[in-house]
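Grab your viewer and work through these exercises one at a time. Try each task before you read its solution.

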Amino acid sequence: MEKVFLGMVVALGLGWAQNRIEVWTHFQGAELEWLKQQASAYQKAKGVQVLISEMPLGDMHNKILLSAPQGHAGDLFLTVPHDWIGEFAQAGVLEPLDRYVDSAYRADVEPVALEAFSFRGRLFGFPAYAESVALIYNKKFVKGAPKSWAEFLALAQRYTTKETFGFLYNVNEGYFNFGFYRAYGVENVFAKDASGSYDPRRILLGGAVGERVLQLLKDLRFRYRLIPEGTNYEVADGAFKSGSLAMILNGPWALGDYKKAGIDFGIAPLPSPPGAVRPWGPFLGVHGIGVNAFSPRKALALDFARFLVSQDNLVAFNQAGGRTPVSKSAVKRLEKDPVVAGFAKIFPLGVPMPNIPEMGKVWAPWNNAIQLAIQRPDSDVKGIVNNLMVELQKALGR
């Protein structure tokens, strides 16, 4: 990764004389302190002042879109969630970075992370870290990760008693359930066209796979009696924190609370369900560094980005906030960290959430279909899936 930007300054020829850059960030706490430390170190090494402007993530989204074209935005955005990439690329506010990255950089980054930050064949950011759901298990009940669906199901049923729960999660939402769709053969929510771009006209949540997933969710509730009515994120998360839940599907954002609660947990992929054609693989959310396409100081911004995504700094970033980097070399150095090791095994199994704006119109109909399917043991799964496809076509204007 140290060779990422060889020749970058010559290629851009901009900004060095101005000797300062502004970074917009949503970081808080230890991660913000990490960024300030990197800014100070960079200033000492390069003589370049790094101004840091803090703001909530949602505010940053709108300010980038509105302010960058007017010349009033930061030079670097830290971090950009990958599901903004399509919208930002279409708006022209992010600098395409393909000519500034070489094969060594690409080889070091998980392919799924590069895919997440690509739009219409071009790279629009430097992926830094990722997150996904995983099977998190309480070692008080489960000594080692289940290797098969049968083993998983047996454990879940064994610990579903009057006092404890075997397996709970936020069954109501598509985000938490996508891994089942992938296990049954779906590549993503949308198919891709010949150029490798998502085609919102081709939605992949219907048909036999859609029916199979919704039937599986019904079975978790009514056949196996694992997930009682009223279970949502808060219920499942609270049960795990209290020590009464053996296994949950959740992400790294929850681990701080689990550690505070004194839970000794492990992290693993969920075993694939019966009839799966590939391993279970969840949605990935990838965060990375974006460069303002309108910045008059692109050379400086890109050089500081290079500094931030170096192996040493990504390791330090993990140690500050616990995020799992998508740099293979950084992960290798962190391989003794059980959280990093756990999620690093899951990332290659998953796919990034689609990074096109149309994805925002999918969530509500999809979540509603899931909730309808698991309301009653006699719900019409086929009819619900067919209606979902009709609703999605309407929502997407097809």
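Contact here means heavy atoms within 4.5 Å. Keep in mind that this is a predicted model.

**Exercise 1. Find what covers the buried residues of helix H13 (311-321).**

Solution. Start with the residues themselves: Asn313, Leu314, Val315, Phe317 and Asn318 are the buried ones in H13. Next, look for what is in contact with them. The cover includes the helices H2 (29-46), H12 (298-308), H14 (328-333) and H15, and the strands S6 and S14 are part of it too.

**Exercise 2. Decide whether Asn318 is buried or exposed, and list what it touches.**

Solution. First, place the residue: Asn318 sits in helix H13. Second, apply the cut-off. Buried means under 20% relative accessible area, and Asn318 comes out at 5%, so it counts as buried. Third, collect the contacts, skipping residues up to four places away in sequence: Asn318 touches Arg323, Thr324, Pro325, Leu334, Asp337 and Val340. To finish, step past the end of the helix, where Gly322 follows H13 with a positive phi, near 85°.

**Exercise 3. Work out which strands pair with S6 (residues 126-131), and in which sense.**

Solution. Take the partners in turn. S6 and S13 (residues 283-291) run antiparallel and are joined by five bridges. You can check the register at Ala130, which stands opposite Val286 in S13. S14 (residues 324-325) also runs antiparallel to S6, with two bridges between them. Here, Tyr129 has Pro325 as its bridge partner in S14. Now for the surroundings: six of the six residues of S6 are buried, so this strand is largely enclosed by the rest of the structure.

**Exercise 4. Do the same for strand S3 (76-81), then add the helix that packs against it.**

Solution. Begin with the parallel partner: S1 (20-25) pairs with S3 over three bridges in the parallel sense. Thr25 stands opposite Leu78 in S3. Then turn to S13, which pairs with S3 in the antiparallel sense over five bridges; the bridge partner of Val80 there is Gly288. As for burial, six of the six residues of S3 are buried, so S3 is largely enclosed by the rest of the structure. Last comes the helix, H3 (residues 57-67), with Met60, His61, Ile64 and Ser67 buried. Those buried residues pack against S1, S3 and helix H4 (85-91).

**Exercise 5. Describe the largest pocket: how much space lies in it, and which residues are closest to its centre?**

Solution. Volume first: the largest pocket holds about 440 Å³ of space. It is lined by 22 residues, and the closest to its centre are Pro252, Trp253, Gly321, Gly322 and Arg323. Then sort the lining by element: S6, helix H11 (255-260), H13 and helix H15 (338-346) are the ones that give two or more residues. Sorted by class instead, the lining has nine nonpolar, eight polar and five charged residues.

**Exercise 6. Classify Ala150 as buried or exposed, then find how far its C-alpha is from that of Thr164.**

Solution. Locate the residue in helix H7 (residues 149-158). Then use the other cut-off: exposed means over 50% relative accessible area, and Ala150, at 57%, is exposed. For the distance, take the two C-alpha atoms: those of Ala150 and Thr164 are separated by 20 Å, with the residues 14 apart along the chain.

How values were computed:
Residues are numbered from 1 along each chain as its sequence is written. This is a predicted model: local features need pLDDT of at least 70, side-chain atom pairs count only at pLDDT 80 or more; totals for chains, interfaces and linings use all residues. Side-chain values use heavy atoms; hydrogens and water are left out. Buried means under 20% relative accessible area, exposed over 50%, partly exposed in between (1.4 Å probe, protein chains only). Helices (H or I, at least four residues) and strands (E, at least two) are DSSP runs, numbered from the N terminus. Two strands pair if DSSP finds at least two bridges between them. On a 1 Å grid over the protein atoms alone, a cavity is a set of points where a 1.4 Å probe fits but cannot get out, and a pocket is an open set with protein on both sides within 12 Å along at least five of seven lines; lining residues have an atom within 4 Å of a point. Grid points are joined across faces, edges and corners, and a volume is the space filled by probe spheres set on the points. Ala, Val, Leu, Ile, Met, Phe, Trp, Tyr, Cys and Pro count as nonpolar, Asp, Glu, Lys and Arg as charged, and the others, Gly among them, as polar.
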